[in-house]
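Here are my notes on this model, set out as numbered points. Please read them with the structure open.

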Amino acid sequence: MKLLLTSVFGPYGVDDEYGRKENIMELFHNQVTREQGVFSPRMNHDSYGLHLMAENLTMPTVVLDFPSQKRFLEEVGKGYDYIGISFIVPNFLKARKMAQWVREISPETKIILGGHGTSIETIETLIPCDHVCRGEGIRFLRRLFNEEEASLSHPILYASSNKHILGIPVKPNAGMIMTGVGCSNGCRFCCTSHYFQKVYTPFFRTGKEIYDVCVRIEKKLGVREFFILDENFLKSENRARELLHEMEKNGKAYSFSVFSSAEAVTGLGIDFLQRLGVSFLWIGVESKKEVYEKNKGIDFKVLIKGLRDHGISVLASGILFLEHHDRETIHDEIGFITDLNADLVQFMQIGPLPGTRLFKEYEKQGKLRKDIPYEEWHGQHQIWFTHPHFTREESAEALRLAFASEFEANGPSFLRMADTAIRGVMATRECKAGFMKLRHEQLVERAKEFYPTLDTLWSHAPNNRSRVLAEEVRRKFDVFFGRRPVPLRMKSLAVQGLIMAEKLRCRVIYNNLRQPGTILTPYRMEEIQ
Ligand code: B12
Ligand code: SF4
């Protein structure tokens, strides 16, 4: 018996019969720094969930990530017993086509559908399949294959690939750790919370278990930074405290990028986050007026400034086209988010996706535009519901302007992150002993990575405001680091050259795309060869 677990086929981010050009296979360039041109940090993320499942089965399994159509067809031809297709709602057509191909080429193969696309209620009648997994996949597959429940083993993975910043190729320097799925907060629009029944399912219950995974990944990949894939990592307070305790006990200062809600962040406090080594925090600000339970009583301006002053980069996420937004109030909302001056900002159109409370409400109110194909249900172009004040076309333009005006006001996110890095260095410069000394040294190392880019950020600044900020940030670096050594000056010159090449690349490449390459990873396949 053998299993193929696959993501949907590329190319991604192109207008074709299966997808749309807005659906770029990148996190930042898709929905965060999309209007920042050459300053937009570029990277891909593997389909981590597939590796997690493959690692935790005993059946020989192949993970096929980012296949081309041809590559997928070749793999199907090898005669798998089961093929699991992971897809999200906007990739519905790709998943359907893949299932049809499997039925044509290998009719004996059983098809399993999984991932957020299965929240489409009648999916089994729309896509040929034998099994549908709605929710956590490891338990589902173990049951399907009659495999025993066992403790979870975490795969060794980098957090990103194909990374480029200002045109500079950057080696992967962080590991990926998935600590759990779902979130109990149940915000009305949130797919991940609803998909996992508004219950948090931890993969690791203690900080010690997470620490042990960090140690394993460090040994294998040599990294000490980790991206934690968990919708609300800091909500499990005790686990976070235990993780810090383990690091302090062992004198290991790992650092982490996390997603967390405001009530969890303030519950633990900024000093704790700094000590824990949080270097990047993704937080849902959502809206100035529609205040969710998690955000009650939070002054985001103060919180974000405090985090950045401690060296923690913040990605603030805001929602546009809420019911109360009209032509006036939408500008207030964009202004409110912009004024928070986070390192990075995501504006997302409110998106009624199947399974959510929002979807049910809009369906009941007859607001859903079911004539709009699923490829367009992604939140970065036109809304797929009827809004009292905006047409679909207007929603796309207003969203573009939101990103553009935030960039215009606050400058390149990468420059803001450099600012946060040096602010963290300054904030910890008096920490001369113990665990916080390690943190300070780590912040210094991070700041050094930004240093060679500062001249370029100044000379290529998109406007005068950004140039002033670049000058200010560069001065802070110079004050702390002193006279710049020759190798650093050489690197700065090289960056000037690379950004010119990147500017040219952005102009000539369709949709400014960087496509991820196909990755095939066998698990236990030697057992049947
Ligand atoms: C990493 C990520 C990406 C990466 C893509 C990685 C990739 N290789 O595909 C990037 C940044 C490129 C990306 C892009 C987009 N994404 Co995205 N992404 C995520 C994110 C943050 C993490 C996914 C992940 O790895 N989770 C961890 C694993 C463990 O969980 P999992 O994937 O859900 O898998 C578990 C189960 O679902 C199940 N399972 C999954 N697949 C399968 C398959 C089988 C066979 C089985 C049995 C089980 C199973 O088992 C797994 C283990 O329990 C999620 C949010 C989240 N926190 O999950 C959004 C999310 C999946 N993305 C989403 C969306 C909408 C997009 C975009 C359209 C961007 C946008 N405008 O929002 C684009 C589309 C790009 C494209 N062309 O496809 C939505 C999907 C909504 C929906 N209902 O369909 C999510 C849920 C975010 C959200 N809005 O809430 N994304
Ligand atoms: S806090 Fe975040 S992850 Fe949790 S339900 Fe709300 S939006 Fe979703």
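The points below take up the domains, their interface, the two ligands and two backbone details.

1. Status. This is a predicted model. Please keep that in mind for every distance and count below.

2. Domains. The assignment splits the protein chain into domain 1 (3-153 + 511-528), domain 2 (173-410) and domain 3 (411-481). Domain 1 is thus written as two segments, 3-153 and 511-528. Taken over C-alpha atoms, the centres of domain 1 and domain 2 lie 24 Å apart.

3. Interface between domain 1 and domain 2. Contact involves 34 residues of domain 1 and 36 residues of domain 2. The size of an interface is often quoted as the accessible area lost when the parts come together. For domain 1 and domain 2, the buried area is about 3000 Å². Carbon and sulfur atoms give 69% of that area.

4. Polar links across the interface. How many salt bridges are there between domain 1 and domain 2? The count is 2. Residue pairs in polar contact between these domains number 7, with both residues at pLDDT 80 or more. On the side of domain 1 that touches domain 2, α1, α2, α4 (92-105) and α6 each supply at least two residues. By class, that side of domain 1 has 15 nonpolar, 12 polar and 7 charged residues.

5. A salt bridge to inspect. The side chains of Arg-20 and Glu-376 form a salt bridge, with an N to O distance of 2.9 Å.

6. Ligand 1, the shell. This ligand is surrounded by 43 residues. The closest are Ser-47, Ser-86, Asn-91, Glu-136 and His-378. Which domains contribute to the shell? Domain 1 and domain 2 each supply at least three residues. By class, the shell has 22 nonpolar, 17 polar and 4 charged residues.

7. Ligand 1, the elements. Several helices and strands each give at least two residues to the shell. The helices are α1 (28-31), α2 (48-55), α6 (137-144) and α7 (191-195). The strands are β4 (82-86) and β5 (110-114). Helices α1, α2 and α6 also each supply at least two residues to the side of domain 1 that touches domain 2.

8. Ligand 1, polar atom pairs. An oxygen atom of the ligand sits 2.8 Å from an N or O atom in the side chain of Asn-91. Asn-91 is also among the closest residues to ligand 1. Two further pairs use the protein backbone. A polar backbone atom of His-45 is 2.9 Å from a nitrogen atom of ligand 1. A backbone N or O atom of Gly-115 is 3.3 Å from a nitrogen atom of ligand 1.

9. Ligand 2. The residues around this ligand include Cys-183, Cys-187 and Cys-190. Among the others are Asn-185, Glu-231, Ser-261 and Lys-294. By class, the shell has 4 nonpolar, 5 polar and 2 charged residues.

10. Backbone details. Is the peptide bond from Gly-10 to Pro-11 cis or trans? The bond is cis, with omega near 5°. Pro-11 is placed in the loop between β1 (3-6) and α1. Asn-162 has a positive phi, near 55°, and is not a glycine. Strand β7 (residues 161-165) holds Asn-162.

Methods:
Residues numbered from 1 in each chain as written. Chains lettered and ligands numbered in written order. Predicted model: local features only at pLDDT ≥ 70, side-chain atom pairs only at ≥ 80, totals over all residues. Heavy atoms only, no water. Near = heavy atom within 4 Å. Polar contact = N/O pair within 3.5 Å; in protein donor to acceptor, adjacent residues only side chain to side chain. Helix = DSSP H or I, 4+ residues; strand = E, 2+ residues; numbered from the N terminus. Nonpolar A, V, L, I, M, F, W, Y, C, P; charged D, E, K, R; others polar. Domains from an automatic or database assignment. Contact = heavy atoms within 4.5 Å. Buried area = accessible area lost by both parts, 1.4 Å probe. Salt bridge = Lys/Arg side-chain N within 4 Å of Asp/Glu carboxyl O.
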